[in-house]
Amino acid sequence: MQNSQATTAEKRTSLHGFWSSRMAFILAVTGSAVGLGNIWKFPYIAGENGGGAFVIVYLFCVVLIGMPVMMSEILIGRRGRRNPVATMALLGQEEGGSRNWQWVGGMGVIAGILILSYYSVIAGWTLAYVFKSASGVFSGASADEIGAHFSAFVGNWKLVAFSHTLFMGLTIFVVARGVERGLEQAVRFMVPALIVLMLVLLGYSLTSGHFGEGVAFLFMPDFSKLTWDSVLIALGHAFFTLSIGMGAIMAYGAYLPEDTSINGTSVAVVTADTVIAILAALVIFPIVFEFGLNPADGPGLVFDTLPVAFGQMTGGAFFSTIFFVLLAFAAWTSAIGLMEPAVAWYVENFHRTRAEAAIVIGVLIWLLGIGSVLSFNVLSDFTFYRGTIFDNVDYLTSNIMLPLGGVFITVFAGWVMCRNSTAEELGGTGTAYMLWRILARFVAPVGIMFVFLKAVGLLDWLM
Ligand code: TRP
């Protein structure tokens, strides 16, 4: 714990301790960003939305919108040094004369709870796949057998509920231990190890003979296939995968020492996150084409493809086990971040211990998650609006709540906060600052609102 942070008199000190180093913060933010979003979600939504054009829109969203939102969140968090609700209230008061900005933090707390409710279910699948891999069931299995295996697994609500419970238990455990001992240690080895294993898998895909097809699917844009709905999904995913729009990065920023560069950190995290997502897709799509699978397979895509590749390799059971362990770890370090806004809020608001907060909020999330557990079996036919309960919670959070949070966050940092305050946090008014300011004031909020209105058809109705 570093306590020599107060450089100026008005600087607040963090209530939950500090990251022990700049590297620890980068690792924690990367750990929250890199998760199921990169390896499970990105490939399947890219598949469902036709590949190339969708991927390009996603990359634009990451750079032009994700980047400035992330920087805004970190700077707000570091300046407020409280949980997202209190930080927005405090800075709202200080910078704009209104505590109502706290509702932005409140929406983030709720978004985190809702996201984790289904995230934990999918993370539970990865835990189950650790044991399945180790048992050798995938060795030499055909794509059909592996697909049937997945359907049978998610069709069994008791197994899915059990693995969801196990994963939430693990998450509550780490969150209860607190910033230093819990969060930091969990992320230190996971990201590098995950990259190494993705490269091993890439070796398989490169030699499979269908690599070119995979690359073409991912990078050859056919904009005629792109709808405004898929643009909104790409935008929503940029938020989801970078963990932004809900105050999680704000909460992490609250523990960040003053002398750490926000610009540099953001670039590092965004790059790592994007590289891992692209790597995952480059591994998965060649397998999809090699075995004649459907790119629009949906949430089961990773579980239907990677075990097939592992099943063909020598030592596949071993690599497969390690891979799902790492994926579970990646999900774990993200789950911690998803809970952080709610937990920090609970601790500060009710003056309770982190352990109590982690248990109360964790149990609530677990309960909500039952809706998603049942979406793949008992209630799979119970559909409305976007599909099952799982589909709706995902759509509402990723594509509505997070981008909306992004609008408020960038409007707050770009328009409400004094130029001096933001310049101080971002290290002066050089080119990087000016670039951030243009993106945060205009490009991000206007871009998000435009995509929103287009996707719901409101813009066309108005004009
Ligand atoms: N970024 C995570 C992933 O890609 C998911 C996520 C969304 C998240 N919002 C978050 C993680 C907030 C931590 C904090 O899997």
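Tutor: First, a term. A crossing of two helices is right-handed if the near helix is turned clockwise from the far one by less than a right angle, and left-handed if the turn is anticlockwise. Note also that this is a predicted model.

Student: What is the handedness of the crossing in which α15 passes α16?

Tutor: Helix α15 covers residues 316–350, and helix α16 covers residues 354–374. Their axes come within 9 Å. When α15 passes α16, the crossing is right-handed.

Student: Is α15 roughly parallel or oblique to α16?

Tutor: Two packed helices are described by the angle between their axes and the distance between the axes. The axes of α15 and α16 cross at roughly 130 degrees. Angles over 145 count as roughly antiparallel, and 65 to 115 as roughly perpendicular. The angle here fits neither class, so α15 is to α16 oblique.

Student: How many salt bridges does a search of the whole structure find?

Tutor: Side chains of opposite charge can pair when their charged atoms come close. One such pair is Glu356 with Arg352, whose closest N and O atoms are 3.1 Å apart. Over the whole structure, the number of salt bridges found is 10.

Student: Are Glu356 and Arg352 buried or partly exposed?

Tutor: Buried means under 20% relative accessible area, and exposed means over 50%. Glu356 has 26%. Arg352 has 43%. Both values fall in between, so each residue is partly exposed.

Student: Which residue forms a salt bridge with Glu258?

Tutor: Glu258 sits in the loop between α12 (248–253) and α13 (262–290). Its partner is in helix α3, 180 residues apart. The closest N and O atoms of the pair are 3.9 Å apart. That partner is Arg78.

Student: What is the relative accessible area of Arg78?

Tutor: The cut-off for buried is under 20%. Glu258 meets it with 14%. Arg78 is buried too, and its relative accessible area is 3%.

Student: How many residues apart in sequence are the parts tied together by Arg79 and Glu425?

Tutor: The two side chains meet in a salt bridge, 2.8 Å from N to O. Both Arg79 and Glu425 are buried. Arg79 lies in helix α3 and Glu425 in helix α18 (residues 419–425), so the bridge ties together parts whose separation in residues is 346.

Student: Which residues do salt bridges with shared partners join into one network?

Tutor: We have already met Arg78 with Glu258. We have also met Arg79 with Glu425. Salt bridges that share partners join these into one network, whose members are Arg78, Arg79, Arg81, Glu95, Glu258, Glu424 and Glu425.

Student: Which helices each supply at least two residues of the nonpolar patch?

Tutor: The patch lies on the surface and measures about 650 Å². Phe60, Val63, Leu64, Trp415, Ile438, Phe442 and Val443 make it. Val63 is found in helix α3. The helices that each supply at least two residues are α3 (52–80) and α19 (431–455).

Student: What separates the C-alpha atoms of Ser133 and Gly311?

Tutor: Ser133 lies in helix α5 (residues 102–135). Ser133 is buried, with a relative accessible area of 1%. Along the chain, Ser133 and Gly311 are 178 residues apart. In space, their C-alpha atoms are separated by 9.2 Å.

Student: How far apart in space are Ile146 and Thr305, C-alpha to C-alpha?

Tutor: Ile146 lies in helix α6 (residues 143–155). Ile146 is buried, at 1% relative accessible area. In sequence, Ile146 and Thr305 are 159 residues apart. C-alpha to C-alpha, the distance is 8.1 Å.

Terms used. Residues are numbered from 1 along each chain as its sequence is written. This is a predicted model: local features need pLDDT of at least 70, side-chain atom pairs count only at pLDDT 80 or more; totals for chains, interfaces and linings use all residues. Side-chain values use heavy atoms; hydrogens and water are left out. Patches are made of residues with over 30% relative accessible area and no salt bridge: like charges are joined within 9 Å, nonpolar side chains (Val, Leu, Ile, Met, Phe, Trp, Tyr) within 5 Å. Accessible areas come from the Shrake-Rupley method with a 1.4 Å probe; for residues, only the protein chains shown count as cover. A salt bridge is a side-chain nitrogen of Lys or Arg within 4 Å of a carboxyl oxygen of Asp or Glu. Helices (H or I, at least four residues) and strands (E, at least two) are DSSP runs, numbered from the N terminus. Buried means under 20% relative accessible area, exposed over 50%, partly exposed in between (1.4 Å probe, protein chains only). Axes are lines fitted to C-alpha atoms, for helices over the stretch in contact, and angles run from 0 to 180 degrees between N-to-C directions. Angles under 35 degrees count as roughly parallel, over 145 as roughly antiparallel, 65 to 115 as roughly perpendicular and the rest as oblique.
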